[in-house]
Amino acid sequence: MADGSALRISNRQARALWLAAQGLSGPPTGHLDLQSIISRLGFVQLDTIQVVSRAHHHILWSRNQHYREPMLDELLRRRDVFEHFTHDASVLPMEFLPMWQRQFDRKARQMGDASWFKGLPDEAGRAEIRARIAKEGALSTHAFDTKIEGQRKMWARPPHKVGLDYMWYAGELATCHRENFTKFYDLAERVFPDHLRNQDMADADQVDWLNRGALDRMGFGTIGDIKRFWDAVATHEVRDWVDTTTDLVAVEIQGSDGALKAAMALPDIEQRLASLATPTSRLRILNPFDPVIRDRARLEFLFGFEYRIEMFVPAAKRKWGYYIYPILEGDRLVGRCEIKAERAKGRLVVKKLWPESHVKWPPARQAKFEAEVDRMARFVGVANIVREDG
């Protein structure tokens with residue numbers, strides 16, 4: 001990184017940069033270009049839990065409220081996106097495939113050593129799975145019937161499931177589509193376009209692309225921020241990249257409490273700051289796995305918003321609830337709420353609303369909240385809203 005005095009970025013600027021980079025600065029309206037949204041985000045995390053809508057759908061809807069749930073699977077079937085593992089299972093633009101080859105290799109090594117991958121079929125066993133898919137076409141885990149041998153321990157999985165997952169991590173198999181969120185595996189060569197799959201990109205170039213891509217999508221970041229963004233580059237690789245890359249700009253980021261943190265940005269940081277627009281005053285209910293919420297340390301530093309996911313915490317020990325949604329208004333997180341869609345009953349239930357302790361909640365803000373709840377009901381296709389919070 002180039003030497004020189006650090007560029008100081010105020011807390012308001014930092015929040016605006018982060019929201020703009022993540023597509024939450026402007027109103028979530030206008031023409032829907034789903035491919036562009038995913039490319040701008042870098043990836044969209046997948047999650048099985050559906051309280052209102054699954055995380056991946058909610059994240060996309062928060063950026064453009066013309067989005068509807070079937071649209072993502074349409075992109076997957078058209079091979080415009082692919083599924084793999086960042087910090088968690090995610091969808092990524094298909095054009096990122098050449099820069100993702102190192103991640104296939106990294107995950108194969110990690111999974112080969114992981115304790116929860118015990119029972120991995122040997123090469124012959126995996127070849128049998130591949131042969132079935134080659135002959136029969138895409139298959140889900142339900143097409144296989146191997147059983148767990150010995151004592152059934154927590155997280156134990158049958159050999160076919162371990163084998164399918166391992167080959168998926170290694171890039172030998174790929175998700176071709178989902179049915180009711182059940183993954184169907186096909187041979188990678190039948191899913192990934194040849195011109196992308198066969199591109200040979202040097203590992204150093206992949207590292208450079210991943211690190212620059214992370215900074216581009218964050219606006220600024222520390223070594224840890226960059227590492228956590230994709231989780232496709234090790235900390236020491238990020239540090240080496242920072243030490244040897246001469247066009248990075250040293251910055252100081254002001255936190256919500258006034259504290260300063262050293263970070264870095266891309267060479268266009270001053271142009272970004274000059275062109276920053278005031279974030280929309282529209283109120284949005286965000287998903288717990290939204291990129292702006294996911295990195296809890298960054299969230300708390302920039303917004304002073306302490307947030308933890310409590311779904312795995314025993315009910316009696318939860319501070320808030322099973323699945324709590326942060327509420328964004330402008331460049332501030334002003335509260336959190338508990339909402340549940342009961343689709344079979346055709347209703348959306350607002351169970352609880354908590355304004356942040358330092359935030360006033362006048363009728364105008366309540367009206368914004370209710371308008372967002374109404375939009376959320378239309379998104380998931382229910383007609384009635386029940387407000388238990390009073």
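## Charges over rings

In this predicted model, the charged end of R178 sits over the ring of F181, 4.2 Å from the ring centre. R132 makes a similar placement with F144: the charged end of R132 lies over that ring, 4.6 Å from its centre.

F181 also has a place in the nonpolar packing. It belongs to a core of 43 residues that is separate from the largest one.

## Aromatic pairs and a cluster

The model holds 19 aromatic pairs. One of them joins F43 and F229. The ring centres are 5.4 Å apart and the planes meet at 70°, so this pair is edge-to-face, the class for angles over 60 degrees. F43 lies in the loop between α2 (34–41) and β2 (44–45), while F229 lies in helix α11 (residues 223–230). The pair therefore ties together parts that are 186 residues apart in sequence.

Are F43 and F229 buried or exposed? F43 has 4% relative accessibility and counts as buried. F229 is buried too, with a relative accessible area of 4%. The cut-off for buried is under 20%.

F229 has another ring partner, W230. Their centres lie 5.0 Å apart and their planes stand at 85°, so F229 and W230 are also edge-to-face. W230 is buried, at 1% relative accessibility. Which residues make up the aromatic cluster? F43, F96, W100, W209, F229 and W230 form it together.

## Nonpolar cores

The largest nonpolar core has 57 residues. Within it, F82, F192, W230, I253 and F303 touch the most other members. Helix α10 (residues 203–218) gives the most to this core, with 5 residues. W230 thus appears in two settings: it is in the aromatic cluster and among the residues with the most contacts in the largest core.

A second core stands apart from the largest one and has 43 residues. Its members include F181, A341, L353 and V382. In soluble globular proteins, nonpolar side chains tend to be buried together.

## Helix α1 and the loop after it

How many residues of helix α1 are buried? The helix spans residues 11–21, and 8 of its 11 residues are buried, which leaves it mostly covered. The buried set is N11, A14, R15, A16, L17, W18, L19 and A21. An α-helix has 3.6 residues a turn, so residues three or four places apart point the same way.

Just after α1, G23 takes a positive phi of about 75°. P27 is found in the loop between α1 and α2. P27 is partly exposed, at 47% relative accessibility. Its C-alpha atom is separated from that of M218 by 19 Å, and the two residues are 191 residues apart along the chain.

## An open sheet of three strands

An open sheet has 3 strands in the order β2-β4-β3, with antiparallel pairing. Which are its edge strands? They are β2 and β3 (81–85), and each pairs on one side only.

Strand β2 is joined to strand β4 (residues 89–93) by 2 bridges, and the two run antiparallel. Across this pairing, Q45 has S90 of β4 as its bridge partner. In a regular strand the side chains alternate between the two faces of the sheet. F82, one of the residues with the most contacts in the largest core, falls within the span of edge strand β3 (81–85).

## Strands β1, β7 and β8

Strand β7 (residues 249–254) pairs with strand β1 (residues 7–9) in the parallel sense, over 3 bridges. Here R8 has E252 of β7 as its bridge partner.

Strand β7 also joins strand β8 (residues 260–265), this time running antiparallel through 6 bridges. V249 stands opposite A265 in β8. The hairpin of β7 and β8 has 5 residues between the strands, and G258 there takes a positive phi near 90°. I253, listed among the residues that touch the most other members of the largest core, falls within the span of β7 (residues 249–254).

## Cysteines

How many disulfides does the model contain? The count is 0. C176 is buried, with a relative accessible area of 5%. C337 is buried as well, at 0% relative accessibility.

Terms used. Residues are numbered from 1 along each chain as its sequence is written. This is a predicted model: local features need pLDDT of at least 70, side-chain atom pairs count only at pLDDT 80 or more; totals for chains, interfaces and linings use all residues. Side-chain values use heavy atoms; hydrogens and water are left out. Rings of Phe, Tyr and Trp (its six-membered ring) pair if their centres lie within 6.5 Å; planes under 30 degrees apart count as stacked, over 60 as edge-to-face and the rest as tilted. Helices (H or I, at least four residues) and strands (E, at least two) are DSSP runs, numbered from the N terminus. Buried means under 20% relative accessible area, exposed over 50%, partly exposed in between (1.4 Å probe, protein chains only). A charge sits over a ring if NZ of Lys or CZ of Arg is within 6 Å of the ring centre and within 35 degrees of the ring normal. A disulfide is a pair of cysteine sulfur atoms within 2.5 Å. Two strands pair if DSSP finds at least two bridges between them. A nonpolar core is a set of buried Ala, Val, Leu, Ile, Met, Phe, Trp, Tyr and Cys residues joined through side-chain atoms within 4.5 Å.
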